[in-house]
Amino acid sequence: MAKMQAMASLRRGELDAQNQGERRQNDGVYKVEEAIKEIGFGIFQVLLFLLCGSCWFFLAVNISFFVLPSAVQSYNECGWNITCSEEALITTVLIVGALVANLWWGPLMDHLGRKLTINILMWTLACSGLLSAIPVSEAKEVAFIWLLCCRFGVGAAYGGIQQISAYLSEFFSKKTRGVFVPLLEMFMASGSITTAFVAMVVLNHFSLGWRWYLCIASIPAIIFLPLYFFLLPESPRYLIAKGEEEKALKVLKFIAKLNCKEIQIVSAFFMYPASVTSHLHSKQKLIIAEQKEEPHPISGKQ
């Protein structure tokens with residue numbers, strides 16, 4: 001009985017804290033997660049989903065070509081005479097680049113910010129892909145080493161692809177992020193299909209070399225670089241974590257305006273202030289004290 005009463009009192013304390021949190025929301029004070037939920041799903045989330053999806057698409061276009069048989073045939077037509085070991089090395093160095101880059105993309109997201117890190121990632125992809133098409137030397141050994149270095153850069157960009165998913169999830173509520181974040185894989189699949197189609201047109205129909213394909217595949221990513229720089233907003237979660245509340249409020253208000261949602265946000269934070277959490281803690285302490293003082297239902301002893 002005492003245990004049931006303690007649980008009921010604890011539940012009342014949680015409800016009181018929740019009600020106090022709702023009163024704070026009415027005053028324009030939100031946790032970031034609650035602000036995103038209150039703003040809801042709208043045009044902003046759709047545009048951001050397409051922008052992040054384009055990153056996945058360009059990554060797929062740049063990494064999928066070298067697994068096609070037509071790529072090896074194109075090498076041999078230009079006099080390289082690629083061996084099986086060299087063919088495997090071209091693919092392996094890309095995976096090694098992704099493996100190594102996984103060590104720094106996460107810390108960069110936390111130190112430089114989500115927006116800047118994603119821009120660096122896409123610059124790495126576009127520049128490495130375009131540089132892969134440049135014939136730096138007529139000697140096969142030199143040109144092959146140059147190609148491997150550039151493919152390592154593409155792999156390094158590929159290693160940060162999950163950071164884009166994490167960035168996107170910070171602008172969705174718990175209810176919608178589970179639906180849209182996995183859908184980014186759709187852009188990866190579309191990029192792989194596009195790779196095969198473009199390779200067929202460039203290599204077979206127009207009889208152009210593999211360098212032309214790499215150049216054509218990198219141009220769209222280069223065109224999108226200004227869009228990533230000017231249109232991608234910084235994550236309000238990151239801004240709050242860095243103590244830049246004013247910038248976080250501007251981002252949240254911009255999202256609400258773009259979604260045509262009228263919401264007053266005057267302050268945002270990760271957790272409720274001490275005035276709310278201390279209310280719940282004091283309730284818990286009171287419950288424990290009452291439970292100790294309550295007499296035993298049979299013996300009457302404390």
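A crossing of two helices is called right-handed if the near helix is turned clockwise from the far one by less than a right angle, and left-handed if anticlockwise. Keep that in mind for the second stop of this tour through a predicted model.

**Stop 1: the whole chain**

Start with everything shown as a cartoon. You should find 14 helices and two strands. Now colour by burial: of the 302 residues, 44% count as buried. If you draw contacts between residues at least 6 apart in sequence, 81% of them join residues at least 24 apart.

**Stop 2: two helices side by side**

Next, select residues 32–39, which are helix 2, together with residues 245–258, which are helix 13. Two packed helices are described by the angle between their axes and the distance between the axes. Here the angle is about 15° and the axes lie 10 Å apart. Angles under 35 degrees count as roughly parallel, so helix 2 is roughly parallel to helix 13. Turn the view until one helix lies in front of the other, and apply the opening definition: this crossing is right-handed.

Which residues of helix 2 and helix 13 meet? Show side chains for Ala35, Ile36 and Ile39 in helix 2, and for Leu252, Ile255 and Ala256 in helix 13. The residues of this contact are six nonpolar, with no polar and no charged ones.

**Stop 3: a pair of rings**

Move on to the aromatic side chains, where the model has 13 aromatic pairs. For one of them, select Phe41 and Phe180: the pair is stacked, with 4.9 Å from centre to centre and 25° between the planes. Follow the chain from each ring and you will see that the pair links distant parts of it, 139 residues apart. Phe41 sits in the loop between helix 2 and helix 3 (43–64), while Phe180 belongs to helix 9 (residues 174–180).

Is Phe41 buried, partly exposed or exposed? Its relative accessibility is 41%, so Phe41 counts as partly exposed.

Now add Phe49, Phe172 and Phe187 to the selection. Together with Phe41 and Phe180, they form a cluster linked by ring pairs.

**Stop 4: a loop after helix 13**

For the last stop, return to helix 13 and select Cys260, in the loop between that helix and strand 2 (267–269). What is there to notice about phi of Cys260? Phi is near 60°, a positive value in a residue other than glycine. Switch on the surface as well: at 69% relative accessibility, Cys260 counts as exposed.

How values were computed:
Residues are numbered from 1 along each chain as its sequence is written. This is a predicted model: local features need pLDDT of at least 70, side-chain atom pairs count only at pLDDT 80 or more; totals for chains, interfaces and linings use all residues. Side-chain values use heavy atoms; hydrogens and water are left out. Axes are lines fitted to C-alpha atoms, for helices over the stretch in contact, and angles run from 0 to 180 degrees between N-to-C directions. Helices (H or I, at least four residues) and strands (E, at least two) are DSSP runs, numbered from the N terminus. Angles under 35 degrees count as roughly parallel, over 145 as roughly antiparallel, 65 to 115 as roughly perpendicular and the rest as oblique. Contact means heavy atoms within 4.5 Å. Ala, Val, Leu, Ile, Met, Phe, Trp, Tyr, Cys and Pro count as nonpolar, Asp, Glu, Lys and Arg as charged, and the others, Gly among them, as polar. Rings of Phe, Tyr and Trp (its six-membered ring) pair if their centres lie within 6.5 Å; planes under 30 degrees apart count as stacked, over 60 as edge-to-face and the rest as tilted. Buried means under 20% relative accessible area, exposed over 50%, partly exposed in between (1.4 Å probe, protein chains only).
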